[in-house]
Each structure stands twice: as C-alpha cells, then as structure tokens.
Amino acid sequence: MTETKTALVTGANKGIGYEIAAGLGALGWSVGVGSRDAGRGEAAVAKLRAAGIDAFGVPIDVTDDASVTAAAGLLEERGLDVLVNNAAITGGMPQEPTKVDPATVRTVVETNVLGVIRVTNAMLPLLRRSPSPRIVNMSSTVGSLTRQTTPGAETGPISAAYAASKTFLNAVTIQYAKELVGTDILINAGCPGFCATDLNGFRGVRTPEQGAAIAIHLATLPDGGPTGTFHDDDGPVPW
Ligand SMILES: NC(=O)c1ccc[n+]([C@@H]2O[C@H](COP(=O)([O-])OP(=O)(O)OC[C@H]3O[C@@H](n4cnc5c(N)ncnc54)[C@H](OP(=O)(O)O)[C@@H]3O)[C@@H](O)[C@H]2O)c1
C-alpha cells in the first residue's frame, strides 16, 4: 500500500532534482516540482505526469523572498510532508580563494545556503502540520572539512565559493537539527556523488538517478530516524 504524501523539491526541472521528484513520485507521492523558470518547470511536470507521476509545478526562485513566500502559499492547502533543498549553483570555476571575485562567493552562498534557510523557514509552518516531516539538504562531500584536510582524499577543485558553501550548508543543517530536536522533524544532509549534470558539464560518472537515491532515502526515513547527519550511498560522511 502506498502512503500519499506531498513533497517539494527545489531545482527539480532538471538533473538530480528531477530524478528525486521522479523517485518520490514513484512511491505514489504528490510531488511539487520547484523551478525558477516557469517554462522549464512546466516541461518537467509534463514529462513526469506522462510517466504517471502526480507532479505539479511550484514556481520558486530560492534567492527571492516573494517567490518563496508565494510557493509556500501555493502549498498551503495541500500541506507539505517533505522538503528537499536541492537547488544549487557552482558559480563557475576556477574559484581559488586568492583569485575569486567576492561577488561570486556572495552569489553562491545566497543560493546554496541562504536559499536553503529562506525556503526551509517558509515551509516550516506547513511541515510542522505533517505527522512525519522530513527535510533533506543536498550537500556534497566537497564540503566535508574532514575530507578537505585528509591528504589524498578526492575533494574536487580548490573552491572558495562552491565547496565552502556546502561546508556552510552542513553547519546550518546541524544547527537546524539541534533546534528542532524533540520535534517530529528530521533534517539531514545528503551527497549524491559525482553525477553527470549541467552543474559539472556532464563530467560526472554517476547518473542523476543514482544521485537521487540518497535524497529519497533521507526523505523516507522512519519516525525516530536519524537527524543532523550527513550521508551518501555508502553511509555516514564525516563532517
Ligand atoms: N552533480 C554532481 O556531481 C553533484 C555532486 C554533489 C552535490 N551535488 C548537489 O546536488 C544538487 C543538484 O545538482 P545537479 O547536479 O542536479 O545540478 P543542475 O543540473 O545544475 O541543477 C540545479 C538545479 O537548481 C536550480 N537552481 C539554481 N539556482 C536556483 C535558484 N536561485 N532558485 C531555484 N532553483 C535554482 C536549477 O535551475 P535552472 O535550470 O533554472 O538553472 C536546476 O534546476 C545541488 O545541490 C548540487 O550542489 C551535485
């Protein structure tokens, strides 16, 4: 038997976000396809609906207060059980700290960190009405300070914006988990692995569908499950 829940996935018009929407939809859930561009969002919704998924469009630019408030309003009647904060940008490479334009760092943090806080806080009143609310923050192992300081560990290019934004996101995830302890809300960070998407010029070695698996796992955690953790498909990732 399937349980009908409602999820919102930001940045779901393509890449890993699209596959997270498809995967949650395949569970019989109703899925809000977050997209900052209405046309791209509607195209994704049409594709998902053609595959039998109960998808609906949610226009949402995570950097824009009014857009995020409107998205929460759109979900008010349906309610919300699961939020997947997936939308992110790299800001373009290279980003060595000695050369990076501070404006690039600001833009990346605005999307990858402040966007998550903005969307999460707008959706929290809806999530609090759900019996089993879950929040998944799509992070990256490149944000792991442990990995970054482990000689020989694969951590991607030196990056003062993208990698550091994921470190910041991880820290924020922990702070949310600490504040929300004792509620039914579970909030965790997940890394999809290196997937072939627009984000990296399709150089990734995993499929977006494989990348979506960890988000689906964290979105479907049982009551009393872990919160304030960082996982990929292989298990816990060191912060
Ligand atoms: N691909 C990887 O190897 C990899 C590895 C580790 C972590 N991740 C993480 O996984 C998540 C998904 O990445 P991806 O590879 O699927 O990237 P992607 O293909 O570039 O997709 C990113 C999505 O985010 C949306 N987006 C960007 N800025 C936005 C904004 N201000 N408001 C709303 N939506 C916005 C994009 O919309 P537009 O289409 O309008 O641009 C797009 O839908 C990200 O959090 C990323 O950091 C990816």
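Reader: What makes E1 and strand E4 (residues 82-85) a pair in this predicted model?

Author: Two strands pair if there are at least two bridges between them. E1 and E4 have three bridges, in the parallel sense. So they count as paired. One bridge joins Leu8 to its partner Leu83 in E4.

Reader: How do you know that E1 and strand E2 (residues 30-35) pair?

Author: The same cut-off of at least two bridges applies. E1 and E2 share four bridges, so they pair, in the parallel sense. Within E2, Val31 is the bridge partner of Ala7. Between these strands the chain runs through helix H1 (residues 15-26), and this β-α-β crossover is right-handed.

Reader: Which way do the residues of strand E1 (residues 6-9) point, and are they buried or exposed?

Author: Thr6 and Leu8 point one way. Ala7 and Val9 point the other way. All are buried, which means under 20% relative accessible area. Why the alternation? In a regular strand the side chains alternate between the two faces of the sheet.

Reader: What makes the approach of Tyr162 to the ligand a polar contact?

Author: The limit for a pair of N or O atoms is 3.5 Å. An N or O atom in the Tyr162 side chain is 2.6 Å from a ligand oxygen, so the pair qualifies. The Lys166 side chain has such an atom 2.9 Å from a ligand oxygen, so that pair qualifies too.

Reader: How much of the ligand does the protein cover?

Author: The protein covers 95% of the 910 Å² of accessible area that the ligand has on its own. Around the ligand are 29 residues. Among those coming nearest are Asn13, Asn86 and Cys195.

Technical notes: Residues are numbered from 1 along each chain as its sequence is written. This is a predicted model: local features need pLDDT of at least 70, side-chain atom pairs count only at pLDDT 80 or more; totals for chains, interfaces and linings use all residues. Side-chain values use heavy atoms; hydrogens and water are left out. Buried means under 20% relative accessible area, exposed over 50%, partly exposed in between (1.4 Å probe, protein chains only). Helices (H or I, at least four residues) and strands (E, at least two) are DSSP runs, numbered from the N terminus. A crossover is right-handed if, with the strands pointing away from the viewer, the path from the first strand over the helix to the second runs clockwise. A residue is near a molecule or strand if one of its heavy atoms lies within 4 Å of it. A polar contact is a pair of N or O atoms within 3.5 Å; within protein, one must be able to donate a hydrogen and the other to accept it, and residues adjacent in sequence count only if both atoms are side-chain atoms. Accessible areas come from the Shrake-Rupley method with a 1.4 Å probe; for residues, only the protein chains shown count as cover.
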